[in-house]
Amino acid sequence: MATILEALKGINAYPIPPNTLEEVCLRREVVPETCVTVDDLKSRAFNLCRADLLLWLSYAPNVSQGGQSYSFTDEQRQQFRNEAQQLYEEFKEEEIIPKTIYGYKGDRL
């Protein structure tokens, strides 16, 4: 059976650093070595981990590793951001959801 960590790695073939995966799991209070279940895949914590990683991927640099290149187009990066945003909204993660900032812009009133 797959673990939660393996399920999160399966989001994309991009080589996400192990420390990043561990930090996301720790922040969301998910135990990465746990065998993943259907309930885990539907859980708030797992989906917020997924959203965090999608957002991370949207800003990830293009890399070449072991003769393999990993790069994303601007459209793919925007798609990652949109999917992450949908997950944040679905699971009511308000501190990540960008809010409109109102205020004065300019140099004269």
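What share of the contacts in the chain with a separation of 6 or more comes from residues 24 or more positions apart? The figure is 70%. Keep it in mind as you click through this predicted model.

**Stop 1: the whole chain**

Start with a cartoon view and colour by secondary structure. You should find five helices and two strands. Following the sequence from its start, the order reads α-α-α-α-β-β-α. Now switch on the surface: the chain exposes about 7700 Å², and carbon and sulfur atoms supply 52% of that area. Of the 109 residues in the chain, 29% are buried.

**Stop 2: the nonpolar core**

Next, hide the surface and select I4, L8, Y14, I16, L53 and L57. These are the residues with the most contacts inside the largest nonpolar core, a set of 23 residues. Helices α1 (4-9), α2 (18-27), α4 and α5 each give at least two residues to this core. Which helix supplies the largest share of this core? Select α4 to see it: seven residues of the core come from there.

Stay with I4 for a moment and show its surroundings. Beyond its neighbours within four places in sequence, I4 is in contact with V30, V31, P32, T34 and V36, and also with D40 and F46.

**Stop 3: helix α2**

Select residues 18-27, which make up α2, and show the side chains. T20, L21, V24 and C25 are the buried residues here. They share one side of α2, because they cover an arc of only 130° around the axis. Helices offer a simple reason for this kind of spacing: an α-helix has 3.6 residues a turn, so residues three or four places apart point the same way. Turn the view round, and on the other side of α2 you meet P18, N19 and L26, which are exposed.

What covers the buried residues of α2? The cover includes α1 and α4. For a single example, pick T20, which sits in helix α2. With a relative accessible area of 14%, T20 is buried. Leaving out residues up to four places away in sequence, T20 touches L53 and W56. L53 is already familiar from the core, as one of the residues with the most contacts inside it.

Before moving on, step past the end of the helix to E29. This residue follows α2 and has a positive phi, near 60°.

**Stop 4: two cysteines**

Now select C25 and C49 together and display the sulfur atoms. How many disulfides does the structure hold? The count is zero, and C25 is in no disulfide, with the sulfur of C49, the nearest cysteine sulfur, 4.7 Å away. Why is there no bond from C49 to C25? The separation of 4.7 Å is too far for one, since a disulfide needs the two sulfur atoms within 2.5 Å.

Both residues are worth colouring by accessibility. C25 counts as buried because its relative accessibility is 1%, and C49 counts as buried at 0%. C49 is found in helix α4. Its contacts, not counting residues up to four places away in sequence, are L8, V24, C25, R28 and V30. To try a distance tool, pick the C-alpha atoms of C49 and R28: they are 6.5 Å apart, although the two residues are 21 residues apart along the chain.

**Stop 5: helix α5**

Finish with residues 74-90, helix α5. Its 17 residues should span 24 Å at 1.5 Å a residue, and the end C-alpha atoms are indeed 24 Å apart, which agrees.

Colour R77, F80, A84, L87 and Y88, the buried residues of α5. They lie on the same side of α5, because they cover an arc of only 100° around the axis. What do the buried residues of α5 pack against? Show α4 (44-58) alongside, and you have the partner.

Then rotate to the face turned away from the buried side of α5. The exposed residues there are D74, E75, Q79, Q86 and E90. A last click takes you just after α5, to K92, which has a positive phi of about 55°.

Note on methods
Residues numbered from 1 in each chain as written. Predicted model: local features only at pLDDT ≥ 70, side-chain atom pairs only at ≥ 80, totals over all residues. Heavy atoms only, no water. Helix = DSSP H or I, 4+ residues; strand = E, 2+ residues; numbered from the N terminus. Buried < 20%, exposed > 50% of the residue type's maximum accessible area, 1.4 Å probe, protein only. Contact = heavy atoms within 4.5 Å. Areas by Shrake-Rupley, 256 points an atom, 1.4 Å probe, with all protein chains shown as cover. Expected span 1.5 Å × (residues − 1). Arc of directions from axis to C-beta. Core = buried A, V, L, I, M, F, W, Y, C linked by side-chain atoms within 4.5 Å.
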